[in-house]
Amino acid sequence: MMNKSNIPEVGANFAEGEQGKWGMVIDRDLCTGCQACVAACSMENNVAFVGEEDSGYGRSMHWIRIERFWEGEYPEVKMTSQQPVLCQQCGHAPCEPVCPPFAAVHSQAEQLNLQVYNRCVGTRYCANNCPYQVRVFNWRDYTDDRLDPALVTLKNQYNPDVTVRRRGVMEKCTFCIQRIHKAQDKAKSEGREVADGEFTTACAQACPANAITFGRVDNPESLVSQLAGQNRGSKLLEELGTLPQVTYLNGG
Amino acid sequence: MSKNFSRRDFLKLAGVGAATTAVLTGCGPASKYVTRQQYLEMPEYNYNGQSTYYATTCRECAAACGLVVRTMQGRALKVDGTANHPVNFGKTCARGQAALHGLYNPDRVTDPVQRTARGGDATTIMGWDAAVQTVADALKNNQPSEIAFLMGMAPDHLFDLVTDLAKTTGINAPVRFGALGAFESRTTLSKASEVVFGQASIPFFDMGGADVVFSFGANFLETWLSPVAYTRGFSNMRRANHTKQRGYFVQFEPRMSQTAAKADEWIPVVPGTEGLVALAIGKLAAEARGVSMPRAFAGVDAADVAVRSGVKLETLERLAGMFANSASALAVPGGAALGQSNGLGTAEAVLTLNALADNLGKPGGVSFSPVSPLNDEYHRPASMKEMQDFIQQMAAGKFKVLFVHGVNPAFELPASLDFAGASANVGQIISFSTFPDETALLADYVFPDHHSLESWGYQRAATGAAQSVLSGAQPVVSPYFNTRSTVDVLLAAAQLAGGDFATALPFADEYEFIQNKVSVLVGEAGGLFSAPDLPTFIAYFQQHGGWWKTEAGFVTPSAPDALNRNINVSEAQFAGEGEFVLLPFVSPTLGEAGANKPWLQELADPTTTVMWNTWVEINPVTAHELGLENDDVVKIVSEAGELEVPVYLYPAIRPDVIAIPFGQGHTAYGRYAAGRGANPAKLMGPHFNEAGDIAFAGMKVKLEKTGRQQFLSRLESRMGVYGEGMGEEH
Ligand code: SF4
Ligand code: SF4
Ligand code: SF4
């Protein structure tokens, strides 16, 4: 078990993972709320759909969602700038220390929050502890074609690079780690480093507004670092000390 | 010749050519498809774990975005945009992403069938030989004037084939229709463009280069005309860089759409006064610039417009000043503003603002996209008035046989036009639908076409691209079911029918037909690639996903007199009675045909976050006056029909307007669509504007309580909006 003294205070300075490796910048002034990223993520990552009733109970499994709020009252009403919210890949992630079987663990190599599906026993502590509400739980077997014959044809689309999850397992955005690995393998086999912009996540690739940029935050030359350095940037709930790797550029 | 060309040979060719990407192509009938195999068995050209990518064209709407589909051993896994395609530059909308849920939909039509009785589910499976014979008999045994084709806005190669057939044989020219086109009021836009700019086509609005954009109800971030291209334009407009400042965007419309939600200012005008507002802004802007008053705006009284439109005079003056002082101002007329009795005048007024801004043909202004290769003119879809005429001909028994492809009129047309009733007087209806939709249920035969991702073809980009584009389609996987290409069916049937039919279509198969069509481009200069001969050209065409010019080819509208003519924006007439104006809008996530794709159903609507259903949006204050809460089911009664829908308290809609999305309310179309939500087409009466488009935003309706509740699934927290809990008062 984890030694209690290893668990830092909330908000404490936490050196490990501070630098980060992969990060994202999302420009809220450009995001139109169109949902192309949500569809792209779901198709890339074998995210299950749950149907009308379960989605009404909040069991839908979107790994990325577009938040928007209303301000004021008619006619002085405004919608706040759309904010796509996905796993923030925290350097100091609240989900990790509470997972008894270490299913939610930190990747030292990639500085990402991993979710090891075959370790997950479904305590859902991680989801309770995530301040961003980006973890989704498989309340049922949404991907079993013995239970839903429609999946016999639909499952042809599943991405063989990504695990298909089953009931009782927690899941979340992985920063498309399968794409990261593929790009790294390719670069390695060609004896070079992964170039900035050589690949991107499914959500960023689809986004028709080009609102999402993905890349190496530990490389000051990368596009994502340049964009994050603008004074419009802020991080979601960063006062909690979670060291999120997603920077939001504020709306106009 | 193509038959001698193997996939291996092609790979060699592709390796020599411009093969910077790993995009492949099928190479002719001999190797048309890659068949689906177990992941354990490797086809010759695959490495373990490696994907093959095919370039093709999206057919989820008619915008002609280029796609690259990732496949592995004959399965299509992921759709993305073609990086250098001039329409979408590597991007897609949500509907394009979910195309695979159409391809692998469990409710596709699996075999050619004969229906036992129209409207019923019972069918018997036929062989394709019998199906082709049925089509041949239908062509041969009827007078040409008794044969009609009703087609969707895509694909163009099939439309061209039927057009050729009609020219030679005298059958009726194919009629094209799509609900998206109707909600975009395309006829009104092209008519107004003809009046103001002298060219009857769809103008292109270069948002990316504009400093100030005034949109009158154009939902260009949702489904309008070419949404991926316009979203790119919006993004470029918003982005400040060293050469330009961040653009300012104002949307005038009665309900805050997803597009208006991105605007810097949303101006909730009284429905039907958009044209007057445009005229008033024109007048005030001309005054602000100190130019002599153009005749187009001279007659309007801004103070009177302020009263009628509900927009304060100071606001009109402020916005007009902004428009006048901007170096690059742009005005865009959208579908709902034109879907009014006075829509044509509104379109003219808004287009004329661009003449005042002097932006015609300039960056950030209005131009015409270059016509596509293989295109003599802009092929506008039928207006609703023309559809009414078509249906009247059906009802009068003029057509002995009706072929339907790529459109679902029994769902998409207003129920008041009574397509279903008129179809009873058509001798024989043959549907080529890939899905068991409402129209296929009315058909005597369904001879299912392949899914678009299993199909050859091409599509012209009517607007949205700077270059002249012919977007190419090829199968990315082999057909999953026992379907057959409609082009192949028609080619074979034409040969069987003989006579003019056989001479009109002397092609062995669809592939040869497409080669024949694109062969005119082989020597064409200035393109993405050039090729010495047809087989090489076709190989590149497939590899790149089409052919387009490398240089922009915008055409400048000629409008010497645009400012110098009178514009008549009459008072909008509303059909029916009731305290609310009804504003139907196309669901941004479902579009006209997305309801059968489960992941599109589970996407949150961008403004309400509702999933899997239909709702009616009511201003919270109005709703509370009526004693209505979220999820209360109301009955909407129009002159033409009625509908029961749950209420969504929508904070950003005029109190005298209610709005309802179009896209749900199917009675067929597979398990994910059927029996879900409601179809506002039921409420629309046959009222048209001067251009013949339906006045879909010009209806008055009544609301009646039902006393029932139906809980909408929403992604947003039920506690979030205005502190309301699960339907309780706050
Ligand atoms: S795809 Fe881009 S514009 Fe659309 S919702 Fe996602 S981030 Fe926003
Ligand atoms: S980074 Fe990948 S996993 Fe995460 S939201 Fe985007 S598409 Fe989904
Ligand atoms: S805009 Fe139309 S053509 Fe383009 S990706 Fe979306 S549905 Fe497909």
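Tutor: Contact here means heavy atoms within 4.5 Å. The model is a predicted one.

Student: Which residues does A:Phe175 touch, leaving aside those up to four places away in sequence?

Tutor: Under that exclusion, A:Phe175 touches A:Trp22, A:Gly23, A:Met24, A:Leu86, A:Cys87, A:Gln89, A:Leu112, A:Ile180, A:Thr201, A:Phe214 and A:Val246.

Student: What makes A:Phe175 stand out in the largest nonpolar core?

Tutor: That core has 92 residues, and A:Phe175 is among the five that touch the most other members, together with A:Met24, A:Leu86, B:Ala76 and B:Leu453. Helix 1 (residues 36-44) of chain A gives the most to this core, namely five residues. A second core, separate from it, has 75 residues, including B:Leu413 and B:Phe419.

Student: Why is B:Phe297 called buried?

Tutor: Buried means under 20% relative accessible area. The relative accessibility of B:Phe297 is 0%, and therefore B:Phe297 counts as buried. The residue is found in helix 11 (residues 295-298) of chain B. Beyond four places in sequence, B:Phe297 touches B:Ala278, B:Leu279, B:Gly282, B:Lys283, B:Thr352, B:Leu353, B:Leu356 and B:Leu563.

Student: What makes the meeting of A:Arg68 and B:Glu716 a salt bridge?

Tutor: The criterion is a side-chain nitrogen of Lys or Arg within 4 Å of a carboxyl oxygen of Asp or Glu. For the side chains of A:Arg68 and B:Glu716, the N to O distance is 2.7 Å, so the criterion is met. The count between chain A and chain B is six salt bridges.

Student: How many residues of each chain are in contact across the two chains, and what area is buried?

Tutor: In chain A, 59 residues are in contact with 72 residues of chain B. The two chains bury about 5,200 Å² between them, with 55% of it on carbon and sulfur atoms. On the chain A side, A:Glu52, A:Trp70 and A:Tyr74 lose the most area to chain B, together 14% of what that side buries.

Student: How do you know that strand 15 and strand 16 of chain B pair?

Tutor: Pairing requires at least two bridges. Strand 15 (residues 401-405) and strand 16 (residues 428-431) of chain B have four bridges, in the parallel sense, so they pair. One of the partnerships joins B:Val404 to B:Ser431.

Student: What makes strand 6 and strand 8 of chain B edge strands?

Tutor: The open sheet has seven strands in the order 6-5-17-16-15-7-8, with mixed pairing. Strand 6 (123-125) and strand 8 (175-176) each pair on one side only.

Conventions: Residues are numbered from 1 along each chain as its sequence is written. Chains are lettered from A and ligands numbered from 1 in the order in which they are written. This is a predicted model: local features need pLDDT of at least 70, side-chain atom pairs count only at pLDDT 80 or more; totals for chains, interfaces and linings use all residues. Side-chain values use heavy atoms; hydrogens and water are left out. Helices (H or I, at least four residues) and strands (E, at least two) are DSSP runs, numbered from the N terminus. A nonpolar core is a set of buried Ala, Val, Leu, Ile, Met, Phe, Trp, Tyr and Cys residues joined through side-chain atoms within 4.5 Å. Buried means under 20% relative accessible area, exposed over 50%, partly exposed in between (1.4 Å probe, protein chains only). Buried area is the accessible area (1.4 Å probe) that two parts lose on being put together, summed over both.
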